[in-house]
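Subject: Structure handover and notes

Hello,

Please find the structure below. My notes on it follow.

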Amino acid sequence: MISDELREQTNNFAKEIQALLNCTVASHVQIKAVALPARGDDRLFALGHLLDKSTMAAQRFRLKPRAPRVELWMDVSFQLQLDAEREHLMVKQSFFGVFGAEAAKHGLFHYDYERNKADGYPDAHLQVYGASELFSTLNDPRSDSGRSLAQLHFPVGGKRFRPCLEDVIEFLIVERLVEAREGYEKVLETGREKFRRKQLMAAMRRDRTTVEAFVDRYGIRDEAPA
């Protein structure tokens, strides 16, 4: 049975992601949370737009490009579980991608995060669908012939300091790729600040020695930081 704590925190997170998207670059996004089949003590929830319970696949949703007569779709999904202490919600996997069609296999870019990724690539990475003549010349013809730029995994901050969904949304807006809703700046800043505080708290819980060293050096002060 999925713990009530996991279900409650997951549902709250789903509401936050849905509000973030609908208040910035999308309309009528419906983030659904579905329990995945349990494997031992690994209890997981999948999150995504109109998530299909049978396939556990999220649907893409439309963005509004600034360029006329162009389609743009976004793919956002998460897998969530509780941490080792069964107290805090933890992202096991996430995917943020932008594509030119609802079913396109290749698009503009995607950010992947997979905790403890087993294939040697960075847990958190960016892949860009593009071309580079220089990169083509760097491929080893004995083993990498035909490898594309999109197959490179650019590391982006690791487990704790990876980009959040707010960063990806902001990129699409400030680079003039999509239309944004009025007041999006406040929505993004509020969400990003919450994400960073959670990541900081998680880092502190896992590195008590550094926290103690900080307190020993600076003490606990009531005044606001400079």
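How many salt bridges does the structure hold? The structure holds 11 of them, a salt bridge being a side-chain nitrogen of Lys or Arg within 4 Å of a carboxyl oxygen of Asp or Glu. This is a predicted model, in which local features need pLDDT of at least 70 and side-chain atom pairs count only at pLDDT 80 or more, while totals for chains, interfaces and linings use all residues. Residues are numbered from 1 along each chain as its sequence is written, and side-chain values use heavy atoms, with hydrogens and water left out.

Overall layout

The chain has 6 helices and 8 strands. Helices (H or I, at least four residues) and strands (E, at least two) are DSSP runs, numbered from the N terminus. In order from the N terminus, the elements are α-β-β-β-β-β-β-β-α-β-α-α-α-α. The C-alpha trace spans about 55 × 45 × 45 Å along its principal axes.

Of the 226 residues of the chain, 37% count as buried. Buried means under 20% relative accessible area, exposed over 50%, and partly exposed in between (1.4 Å probe, protein chains only). The chain exposes about 14,200 Å², of which carbon and sulfur atoms supply 52%. Accessible areas come from the Shrake-Rupley method with a 1.4 Å probe; for residues, only the protein chains shown count as cover.

Among contacts in the chain with a separation of 6 or more, 51% are between residues 24 or more positions apart. A contact means heavy atoms within 4.5 Å.

The chain carries 34 positive and 34 negative charges, and their mean positions are 3 Å apart. Lys and Arg count as positive and Asp and Glu as negative, whereas His and the chain ends are not counted. The place of a charge is taken as NZ of Lys, CZ of Arg, CG of Asp or CD of Glu.

Salt bridges

One of the salt bridges pairs R192 with D167, with the closest N and O atoms 2.7 Å apart. R192 lies in helix 5 (residues 184-206) and D167 in helix 4 (residues 165-174), so this pair ties together parts that are 25 residues apart in sequence. R192 is buried, at 6% relative accessibility. Through salt bridges that share partners, D167, E170, E189 and R192 are joined into one network.

K117 takes part in two of the pairs described here. With E114, the closest N and O atoms of K117 are 3.3 Å apart; with D119, the corresponding distance is 3.2 Å. K117 counts as buried at 18% relative accessibility. Its partners are both partly exposed: E114 has a relative accessibility of 30%, and D119 has a relative accessible area of 46%.

A buried arginine without a salt bridge

Which side chain of opposite charge is nearest to R160? That side chain is D83, 8.1 Å away; R160 is buried yet has no salt bridge. R160 sits in helix 3 (residues 158-161). Leaving aside residues up to four places away in sequence, R160 touches R115, Q199, A202, A203 and R206.

Surface patches

Patches are made of residues with over 30% relative accessible area and no salt bridge; like charges are joined within 9 Å, and nonpolar side chains (Val, Leu, Ile, Met, Phe, Trp, Tyr) within 5 Å. D4, E5, E8 and E87 form a negative patch. Within this patch, D4 belongs to helix 1 (residues 4-22) and is exposed, at 57% relative accessible area.

F214, V215, Y218 and I220 make a nonpolar surface patch of about 400 Å². V215 is in helix 6 (residues 208-218) and counts as partly exposed, at 32% relative accessibility.

Backbone

Two residues are listed here for their phi values. H28, a residue other than glycine, has a positive phi near 60°. H28 falls in the loop between helix 1 and strand 1 (31-35) and is exposed, with a relative accessible area of 70%. R69 is not a glycine either, and its phi is positive at about 55°. The loop between strand 3 (61-62) and strand 4 (73-82) holds R69, which is exposed with a relative accessible area of 82%.

Regards
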